[in-house]
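Here is a short set of exercises to work through with the model open beside you. Try each task on your own before reading its solution.

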Amino acid sequence: MGDLIWILLSTMVVNNFTLAYFLGLCPFMGVSGRVETAFRMGMANIFVLVLTSICSWALNTYVLDYAPYLRLISFIVVIASLVQIVEMAIKKLSPTLFQQLGIYLPLITTNCAILGLAIFQTNREYNFFQGLFFALGAGLGLTLALVLMASIREDAERAAVPAAARGMALVLIIAGSLSMAFMGFAGLGSAA
Amino acid sequence: MNKPRLVLSASPHLLGADSTPRIMMTVLLSLLPVVAAAIYTFGPSAFLILCASTLGALLPEKLVGKQGSLKDGSALITGVLLGLTLPPGMPLWMAFLGGFFGIAFGKLIFGGLGQNAFNPALLGRAFLQAAFPVAITTWPKTGGPWMALRGDNFALPLMSPQVVDGTTGATPLGLFKFEHVPTSTSSLFFGSTSGSVGETCAWIILLCGLLLAWKNYLNWRIPISIFATTFLFTGVLWLIDANHYPSPWFMLFSGGMMLGAVYMATDMVTSPTTNLGCWIFGAGIGLLVVIIRIWGGLPEGMMYSILFMNAFVPFLNRATRPKVFGAPSRAELRAAKRAQKQEDQT
């Protein structure tokens with residue numbers, strides 16, 4: 001159990017997907033204008049990451065032993081199509097949830113964070129539950145990064161930012177600063 | 001010109017004597033004893049480092065800052081504070097670069113004073129830590145002649161500094177972490193240990209902090225909450241296993257704890273605006289410092305904890321926003337919304 005909690009926390013903060021591995025930067029830059037939308041994006045990410053983890057675990061255990069060279073392609077195909085199917089199901093079954101997540105789901109199905117998760121999980125040979133906590137941690141970490149970024153950006157909107165730095169330039173600089181702040185956690189847990 | 005008989009203006013109508021330059025100058029004056037202690041401890045090296053980082057901070061403010069923004073003294077304070085957090089033996093050009101980065105990318109790019117998200121001095125230091133991890137963790141030995149340089153201060157850019165064998169020491173935190181040698185609290189308190197330029201002499205920083213808190217130029221809740229959290233957290237660990245974990249007094253008086261809690265975390269721009277927010281902010285810093293120092297890969301975590309909590313400040317401000325007088329509370333608003341929704345559905 002302690003092992004699982006540790007996987008969750010370390011993926012969330014120490015090895016944050018966005019701020020330490022620089023994965024999933026597209027939603028991080030693109031959908032972090034408002035705290036509200038950033039939070040929903042994070043939730044959608046958690047959802048897809050957990051699905052991915054389950055999928056890649058199933059593929060690895062039952063299918064890919066026979067054809068390991070198909071790993072990348074099958075990950076992409078299976079994850080993307082599964083998310084599409086789930087999206088259709090949600091649309092039918094729960095329109096409110098669909099409205100909350102809807103537009104973000106197709107955006108992130110082929111995201112590098114998603115594929116990264118599948119590959120990391122395979123390389124580290126996580127079992128089902130480890131993979132699940134890994135995905136949850138990665139998703140929570142992404143949500144944390146997104147919400148922090150969005151709240152700083154909302155404040156910066158009211159600031160007299162010089163013309164040269166307005167827009168994406170400032171976002172990149174905030175991202176760099178955030179990433180430096182997260183560097184302090186590097187090596188956490190390895191010393192003691 | 002006659003004095004106008006009727007002045008029409010928006011509130012507030014009662015104005016205090018405080019202004020930005022006045023506050024900055026007071027903070028700067030309160031830093032003088034700290035600077036003096038730094039120079040007393042580390043000799044000419046400390047002075048050179050402080051000059052280099054201050055020049056680095058003033059240059060971009062002069063070049064691109066708004067008209068007159070150099071005179072409000074905030075860039076000066078950033079430069080001095082950055083200098084106080086650097087090891088005395090560091091090459092000067094690195095200190096200069098740190099000051100430059102802190103002001104240019106930590107402050108001016110956000111639109112100048114009052115609009116930055118991260119503490120510029122600490123951002124400069126984090127940049128240096130990422131760019132020159134060896135130079136920023138090379139500490140001088142204590143003792144030796146006062147006039148001697150504490151390292152290769154004059155190394156040229158892109159040249160590796162000449163470190164003479166036997167001239168490097170270790171900070172109390174480094175000693176504890178890597179060799180498990182504790183340092184006595186009194187030598188930490190009176191500053192006879194190795195460390196960054198201005199962080200070794202705890203009692204002077206505390207006194208200056210008290211003065212600023214009395215003048216209300218810093219929110220006393222932040223340092224108190226940092227100290228209390230650190231003390232309690234380490235205290236519990238220490239009671240569990242005194243051989244393995246450092247004593248709470250050691251944690252409180254070592255490394256950048258004092259300087260960070262008194263001068264960095266309380267930066268008016270990058271700390272929360274509400275008192276409740278300040279308590280949470282301080283508690284977060286205290287917790288993170290202990291976590292990074294004890295379980296992390298680095299011996300010191302003050303800088304990173306403050307930067308990390310800086311990122312939470314906009315969020316804390318929002319979450320702890322006080323109720324407007326006479327306005328409905330959040331629970332009431334939620335209830336009203338629910339009622340509205342039910343009405344819509346029926």
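**Exercise 1. A helix and its neighbours**

Which helices of chain A do the buried residues of H7(A) pack against?

Solution. Keep in mind that this is a predicted model.

Step 1: Find the helix. H7(A) runs over residues 112-123, which makes 12 residues. From its first C-alpha to its last it reaches 16 Å, close to the 16 Å expected at 1.5 Å a residue.

Step 2: Pick out the buried positions, with under 20% relative accessible area as the cut-off. In H7(A) these are Ala113(A), Ile114(A), Gly116(A), Leu117(A), Ala118(A), Gln121(A) and Thr122(A). As a reminder, an α-helix has 3.6 residues a turn, so residues three or four places apart point the same way.

Step 3: Look at what these residues pack against. The partners in chain A are helix H3 (35-63), helix H4 (71-93), helix H6 (104-108) and helix H8 (128-157).

**Exercise 2. Positive phi in chain A**

Find where Phe22(A) and Glu125(A) sit, and describe their phi angles.

Solution. Step 1: Recall the background. Most residues other than glycine have a negative phi.

Step 2: Take Phe22(A). Its phi is positive, about 55°, although Phe22(A) is not a glycine. Phe22(A) belongs to the loop between helix H1 (2-14) and helix H2 (25-30) of chain A.

Step 3: Take Glu125(A). This residue follows just after H7(A), in the loop between H7 and H8 of chain A. Its phi is positive too, near 55°.

Step 4: Is Glu125(A) buried or exposed? Exposed asks for over 50% relative accessible area; Glu125(A) has 69%, so it counts as exposed.

**Exercise 3. Two domains and the cavity between them**

Describe how chain B is divided, then explain why the largest cavity lies between domain 1 and domain 2 of chain B.

Solution. Step 1: Set out the domains. Chain B consists of domain 1 (20-157) and domain 2 (170-324). Their centres, taken over C-alpha atoms, are 20 Å apart. Across the boundary, 39 residues of domain 1 of chain B are in contact with 33 residues of domain 2 of chain B.

Step 2: Count the cavities. The structure has 1 cavity of 30 Å³ or more, and the largest cavity holds about 50 Å³ of space.

Step 3: List the lining. It is made of Val34(B), Ala37(B), Ala38(B), Thr41(B), Val197(B), Gly198(B), Thr200(B), Cys201(B), Ile204(B) and Ile205(B). Helix H1 (20-42) and helix H8 (202-214) of chain B are the elements that give two or more residues. H1(B) has the largest share, with 4 residues.

Step 4: Sort the lining by character. There are 7 nonpolar residues, 3 polar and no charged.

Step 5: Draw the conclusion. Both domains of chain B give residues to this lining, so the largest cavity lies between them.

**Exercise 4. The largest pocket**

Which residues are closest to the centre of the largest pocket, and which elements line it?

Solution. Step 1: Start from the volume, which is about 530 Å³.

Step 2: Go to the centre. Among the 37 lining residues, Arg125(B), Trp139(B), Ser196(B), Glu199(B) and Glu300(B) are the closest to it.

Step 3: Trace the elements. Two or more residues come from each of helix H5 (120-131), helix H6 (172-179), helix H11 (257-264) and helix H13 (302-319) of chain B. H6(B) supplies the largest share, 6 residues.

Step 4: Sort by character and by domain. The lining has 18 nonpolar, 15 polar and 4 charged residues. It draws at least three residues from each of domain 1 and domain 2 of chain B.

**Exercise 5. Two buried residues in chain B**

Place Val289(B) and Ser74(B) in their helices and name their contacts beyond four places in sequence.

Solution. Step 1: Val289(B) is part of helix H12 (residues 275-295) of chain B. Its relative accessibility is 0%, so Val289(B) counts as buried. Its contacts are Met257(B), Gly301(B), Met302(B) and Ser305(B).

Step 2: Ser74(B) is in helix H3 (residues 74-84) of chain B. With a relative accessible area of 4%, Ser74(B) is buried as well. Ser74(B) touches Met24(B), Lys107(B) and Leu113(B).

Conventions
Residues are numbered from 1 along each chain as its sequence is written. Chains are lettered from A and ligands numbered from 1 in the order in which they are written. This is a predicted model: local features need pLDDT of at least 70, side-chain atom pairs count only at pLDDT 80 or more; totals for chains, interfaces and linings use all residues. Side-chain values use heavy atoms; hydrogens and water are left out. On a 1 Å grid over the protein atoms alone, a cavity is a set of points where a 1.4 Å probe fits but cannot get out, and a pocket is an open set with protein on both sides within 12 Å along at least five of seven lines; lining residues have an atom within 4 Å of a point. Grid points are joined across faces, edges and corners, and a volume is the space filled by probe spheres set on the points. Ala, Val, Leu, Ile, Met, Phe, Trp, Tyr, Cys and Pro count as nonpolar, Asp, Glu, Lys and Arg as charged, and the others, Gly among them, as polar. Domain bounds come from an automatic or database domain assignment. The expected span of a helix is 1.5 Å times one less than its number of residues. Buried means under 20% relative accessible area, exposed over 50%, partly exposed in between (1.4 Å probe, protein chains only). Contact means heavy atoms within 4.5 Å.
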